[in-house]
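Welcome! Take a look at the model below, then work through the exercises at your own pace.

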Amino acid sequence: MSGLGAAAEPAGWRRDSEFWPPADVPAAAPAGFLQQLPSYQSALRRRAGGSQQRRAGAQGAAGQSAAEPRGPEQQGREPEARPAREQPLSIAEKRRLRDCQQADVKYLSGWKQWKRTSSKSLRKVLNEAKELSSHLELWRHDIHSIEGKFGTGIQSYFSFLRFLVLLNFIIFILMFSFVTLPSIISKYGIFNSSVAKVPPKNTEPHCTVYKPSSNEGLVYFYTYLKDLLSGTGFLEVTSLFYGYYTIDAAWLSVLNYNLPLAYLLATFAYLALSLIWIIKRSVNGFKHNLVHGEDQFQSYCNKVFAGWDFCITDPNAAQLKHRSLLYELQTDLEEERLKQKIADRTMKEKLRIYSLRICINIIVIAVLSGCFYSIYRATVFSQENSNDVSNTNFQANLLVQYLPSIVITLANFIAPQIFSFLITFEDYSPAFEIRLTLMRCVFVRLANIGVLLFSLWSQISDCATDECKACGYNYELYPCWESEVGQEMYKLTIFDFIIILAVTLFLDFPRKLLVTHCSCKPVQWCGLRVFGISDNVLEIIYGQTICWIGTFFSPLLPAIATIKYFIIFYIKKISLMHTCKPAARPLRASSSNFFFLVVLLIGLVLAFIPLGISIAHISSSKACGPFRSFNTSWAVVPDTVSGFPAALQQVLHGIASEAFAVPFFMVICLVMFYFIALARAHKRVVEQLREQLVMTSSGIISCGLFSYKRFECCSLRSKMLCGTGRVPGDINKPVIERIIRVDHAGEYGANRIYAGQMAVLGRSSVGPVIQQMWNQEKDHLKKFNDLMVAYRVRPTVLLPFWNVAGFVLGAGSALLGRKGAMACTVAVEESISDHYNSQIRTLVEEDPEKYRELLQIIKQFRDDELEHHDIGLEHDAKGAPAYSVLKTAIQLGCKAAIFLSERI
């Protein structure tokens, strides 16, 4: 700052070349979510620290030490409990602050001193425990090493793999503790336990026959290998599959353990646990994508000034990152060129490209249909012929058993290659090409599992005889169909692991040797295999979806998945380090983590569908499993509820009835709409704060040349507040919040009313008049959006409802003709203008000078509404049918909307 500027600067506005507001000016109180912003928290801490240091400096200048007694105004104040090391200050400032805090301790009461000491000790213990737990984190060193060599994009894949290992381990613990362990304890009579088996009632005897395939007599060694790979033979009768748990109740000492209910609740528990855990991990990524929307200029600045990954230490990875940044800039330029090309397209070119895209999508649908049909035929053939092949023909039997898995793997490999080739002809932007290809690959992988299950269910439900219909399923081919489905999921899991291992051993390593030791041009042109993050993530999500579906039919499948992913981690690490190269177009860590979790959530939702059908729709096996005494697996729930007291049964039946479900659904929708509206308001606040920060950067330069007043108007407060130099702290906050909230809701509803009228009368003679009034309402709404940001006011919860109600009112009145539309305008504008007059009286009674800008805005908008009212009368609004009744009804609705919007 120049000498003139520094001399003219009032006290308290400059400290160590930084600008600070005067200590006596009250700070704004932003909304709760803004108080969590790091910039706001930092500003509060530094302001508090700065004021303490200025007081300490003043005391030091007067010759007072920090340990001298304080004045009466400081005696009752508790010193800042935040550690000095967490303050964003220099070392010297932290030392002074620490001395002040230590000197203030002796003026506290004994209870407060003990509380402060206990809090400090507890915080220290928690920090040490957190540091210790970080050292116990699985693969901590390995993941940090990968991050250092290849950046955060590839590191996010291995972190995601670690998350799946932990998730499957927790699911295994859950199923083993509540299903497998009680069954084993009760079957072997441990702790004086016993098993109760109740024969199924009203069931034909032939439905209860189940003879698991077993190996009798002389058994060749490869038979055990076949059983191990296919889940048949000796594995079929173990606790790995559903058929093992043929127990109706287990007596553990004197405790009656309801195993069927525990089996069903454990299934719901692991699905709910997975859902909650995934949503919790994806919240941060969702916030990042919601709030940090970038325009092209910001994207360019971030790439140039903040695009480097400082975790990279490997020179090759650094060179790769250079090429990646260059590629991203080229991609941005290419997207801008394509946008211009799309804008300049003629109608003939549009017809050509749209026709080509339609043809390509037809080809995509044909490819998907071919994959689905192949999986269906392979599944039917495998199920019908798996028992017809001689056990001595090991290769043929194993091939028939694994035929669906082989076809699914081939479909997962061939279809994405076709999609990647076809996308080049559709003339999309590079970023959209990647997203569309990934979504197609996700769909084909997850849909293949659905087709497999559909094929199995079609075979299970295929009943042609009366004996079969009496059982409810094909008892001849599937006496224990749940175990059969579990075996299919088991084979898919094992085969998926074998393919991943085989690709690394028999493709990647030989390719690495050829590229290293062979100088042939074709070999060098092929190069090393690219470690594609998206492809590898789709592989493990595909396997995780199989695990979610199969856990109900094979309770110990999560243990196999845990071991599988544990080994895959080291396979992929070795492959990345020695046989593969990172992709030239890596994903960002933040966006990739969110993408991984979204695709994983899609897989979980897909798992809900077949499990829900199996539990609630398909008849349970009568020859095996814990649900053999029930028609379906879900039937155990009403059977358990029937044993509850009558009062509790009535409560549960009431909760399950439509009388409770419909209001509950409506409340949930309102809550959801509220959070959606709140998220949009927060995003709008962040966008406007970002714009104001851009203006601040130029205003700070002007501050040094002129005066601190200019700095105040360039700060993060709105321009309107800078007009008087007032801040939100010296106003009647509740009154202003109610005024701005209800006015914003009113202008929003008026916009929706005019939108509905334009949808009906937009091309009529009165259309331009309605459009003119609508444009003014848009300006009003924009202004109140700015006021909500300036005063930190949340929108009304009922905003989504006013969205629909306003449009319906506008369109409904327009259907009565132009007179009906004008009658609606007269009624609404008269109510709004009366409400504005009431607000003007309130503000004048408060302080007309303090609220001068807000009064001017409301007066101007009131005059505009009265003008609209007069326009409606000029266009014969009173000629509308039942004008008085219509006007009264609309105004009553407006008054109710005003009352609710002010308070909710």
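Helices (at least four residues) and strands (at least two) are DSSP runs, numbered from the N terminus. Keep in mind that this is a predicted model.

**Exercise 1.** Find how many helices and strands there are in the protein chain, and what share of its residues is buried.

*Solution.* Step one: the protein chain has 33 helices and seven strands. Step two: of its 904 residues, 45% are buried. Step three: among contacts with a separation of 6 or more, 77% join residues 24 or more positions apart.

**Exercise 2.** Is E476 buried or exposed? Work out where E476 lies as well.

*Solution.* Start with the place: E476 lies in the loop between α17 (466–471) and α18 (481–517). Next, recall that exposed means over 50% relative accessible area. E476 has 62% relative accessibility, so E476 counts as exposed. Finally, look at the company it keeps: E204, D466, E467 and E476 gather in a patch of negative charge on the surface.

**Exercise 3.** Which helix gives the most to the nonpolar patch?

*Solution.* First list the members: L505, F506, F509, I563, F566, I567, Y570 and I574 make a nonpolar surface patch of about 730 Å². Then assign helices: α18 and α21 (557–579) each supply at least two residues of this patch. The helix that gives the most is α21, with five residues.

**Exercise 4.** Which helix holds L505, and why does L505 count as partly exposed?

*Solution.* L505 lies in helix α18. Partly exposed covers the range between buried, under 20%, and exposed, over 50%. L505 counts as partly exposed because its relative accessibility is 41%.

How values were computed: Residues numbered from 1 in each chain as written. Predicted model: local features only at pLDDT ≥ 70, side-chain atom pairs only at ≥ 80, totals over all residues. Heavy atoms only, no water. Patch = residues over 30% accessible without salt bridge, like charges linked within 9 Å, V, L, I, M, F, W, Y side chains within 5 Å. Areas by Shrake-Rupley, 256 points an atom, 1.4 Å probe, with all protein chains shown as cover. Salt bridge = Lys/Arg side-chain N within 4 Å of Asp/Glu carboxyl O. Lys, Arg positive; Asp, Glu negative; His and termini not counted. Charge placed at Lys NZ, Arg CZ, Asp CG, Glu CD. Buried < 20%, exposed > 50% of the residue type's maximum accessible area, 1.4 Å probe, protein only. Contact = heavy atoms within 4.5 Å.
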